[in-house]
Amino acid sequence: MNRPKTRILVDGGDPQETRQIKNLLGFVDGQTTNPSLIANNPEIKELLATGHKLSEKEQLAEYKKIVGEISPLVGDGGVSIEVFSDLNSKAQEMLAQGKEMFTWIPNGYIKYPCTAEGLRAAQMSVQQGLRVNLTLCFSQQQAAAVYAATKGTREPAYVSPFVGRLDDIGQNGMDLVKNIKRMLARGDGHLLVLAASIRNLDQLLYCFSLDVDLATVPARVLTLWAEKNFPMPEAGFQYHSSAKSIPYEELDLSQPWEKFNIAHELTTKGLEKFAADYRKTVA
Ligand code: E4P
């Protein structure tokens, strides 16, 4: 296999699945988790099926155990661990969780949402030496705000544009990835693009052809890639989408993050869904 420049992360919450993908590909560069994926972990599902809900402490212990098993399986893309947050969460609460989670494994990235409180938490985190991944990114303005908030990070930070969820509302999610890449080419390199919410092989191949820094991909799509013998995009590869294209915006990356319009309905919806999935697991 010609290993792509794009680092490949497994988008999941089950160490066994990560092991299987590693066997199939011969490597896994990293992993992303989120509250919905953790709620879907087989051990947690088994516990819930017996009617046993976890205390918050138990839930955290399970999450720690899961990322602890995944951590040694992956390469330098690290393991993204998401703080619990909802629309009322304050930056300080998220930061406290992030600091605790960052001690769990040596290669953790703390995931905060692209909200004002999430950006504040990320800004404080990078000042304290934490690696961060800003999730639920649905606009170029949000990505620009992430760039501004994470300036000065010791190690590159990640921003995760969600492709599939934009497609779901009729917008071409891959345009957002392309636009953020183009915008960050003018930057100082401290922020990397991690394409997320990838639903099919074409999106993965387009990530490769755009030289996206990292892509987090469900096991199902990676298995398909392996079954087809690891195709790579041909020169001049064209990505076809019938969804509405997302135009590029000229944004001034030297502005403070508060200057960007970071509101997006899908960030709000996504946060609510993550919170609901987390709550399903706790008593
Ligand atoms: C990863 O960081 C994201 O949480 C994940 O890719 C979201 O994917 P989904 O839109 O398929 O839930």
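Okay, let's start with a word we'll need: a cavity is a set of grid points where a 1.4 Å probe fits but cannot get out, and a residue counts as lining it if it has an atom within 4 Å of a point. One caution before we go on: this is a predicted model.

So, how many cavities of 30 Å³ or more does a search of the whole structure find? Just one. Its volume is about 30 Å³. The residues lining this cavity are Pro35, then the run Glu82, Val83, Phe84 and Ser85, and then Leu271, Phe274 and Ala275. If you're wondering who gives the largest share of that lining, look at helix H12, residues 265-281, which supplies three residues. By class, the cavity lining has six nonpolar residues, one polar and one charged.

Now for the pockets, and let's take the largest pocket. About 510 Å³ of space lies inside. The lining of the largest pocket is made of 28 residues, and the ones nearest the centre are Asp11, Gly12, Asn34, Leu37 and Pro218. Which elements give two or more residues to that lining? They are helix H2 (35-39), helix H11 (219-227) and our friend H12. H12 has the largest share here, with three residues. Remember that H12 also gave the largest share of the cavity lining. As for chemistry, the largest pocket is lined by eight nonpolar, eleven polar and nine charged residues.

Where does the ligand sit? In the largest pocket. Around the ligand you'll find Asp11, Thr32, Asn34, Lys111, Phe162, Arg165, Ala196, Ser197, Arg199 and Thr216. Sort that shell by class and you get two nonpolar, four polar and four charged residues.

Let's zoom in on some distances. The side chain of Asp11 has an N or O atom 2.6 Å from an oxygen atom of the ligand. For the side chain of Asn34, the distance from an N or O atom to a ligand oxygen is 2.7 Å. And Arg199 places a side-chain N or O atom 3.4 Å from an oxygen of the ligand. How much of the ligand does the protein bury? Taken alone, the ligand exposes 350 Å², and the protein buries 85% of that. Notice that Asp11 and Asn34 turn up twice in this talk: they are part of the shell around the ligand, and they are among the residues nearest the centre of the largest pocket.

Last stop, the second largest pocket. This one has a volume of about 190 Å³. It is lined by 13 residues, and Gln59, Leu60, Phe84, Gln97 and Tyr278 are the closest to its centre. Phe84 should ring a bell, as one of the residues lining the cavity. Which helices each supply at least two residues of the lining of this second largest pocket? H2 does, along with helix H4 (56-70) and helix H5 (91-102). The largest share, five residues, comes from H4. And the class split for the second largest pocket is eight nonpolar, two polar and three charged.

That's the tour. If you want to follow along on the screen, try finding H12 first, and then the ligand.

How values were computed
Residues are numbered from 1 along each chain as its sequence is written. This is a predicted model: local features need pLDDT of at least 70, side-chain atom pairs count only at pLDDT 80 or more; totals for chains, interfaces and linings use all residues. Side-chain values use heavy atoms; hydrogens and water are left out. On a 1 Å grid over the protein atoms alone, a cavity is a set of points where a 1.4 Å probe fits but cannot get out, and a pocket is an open set with protein on both sides within 12 Å along at least five of seven lines; lining residues have an atom within 4 Å of a point. Grid points are joined across faces, edges and corners, and a volume is the space filled by probe spheres set on the points. Helices (H or I, at least four residues) and strands (E, at least two) are DSSP runs, numbered from the N terminus. Ala, Val, Leu, Ile, Met, Phe, Trp, Tyr, Cys and Pro count as nonpolar, Asp, Glu, Lys and Arg as charged, and the others, Gly among them, as polar. A residue is near a molecule or strand if one of its heavy atoms lies within 4 Å of it. A polar contact is a pair of N or O atoms within 3.5 Å; within protein, one must be able to donate a hydrogen and the other to accept it, and residues adjacent in sequence count only if both atoms are side-chain atoms. Accessible areas come from the Shrake-Rupley method with a 1.4 Å probe; for residues, only the protein chains shown count as cover. A molecule sits in a cavity or pocket if more than half of its atoms lie within 2 Å of its grid points.
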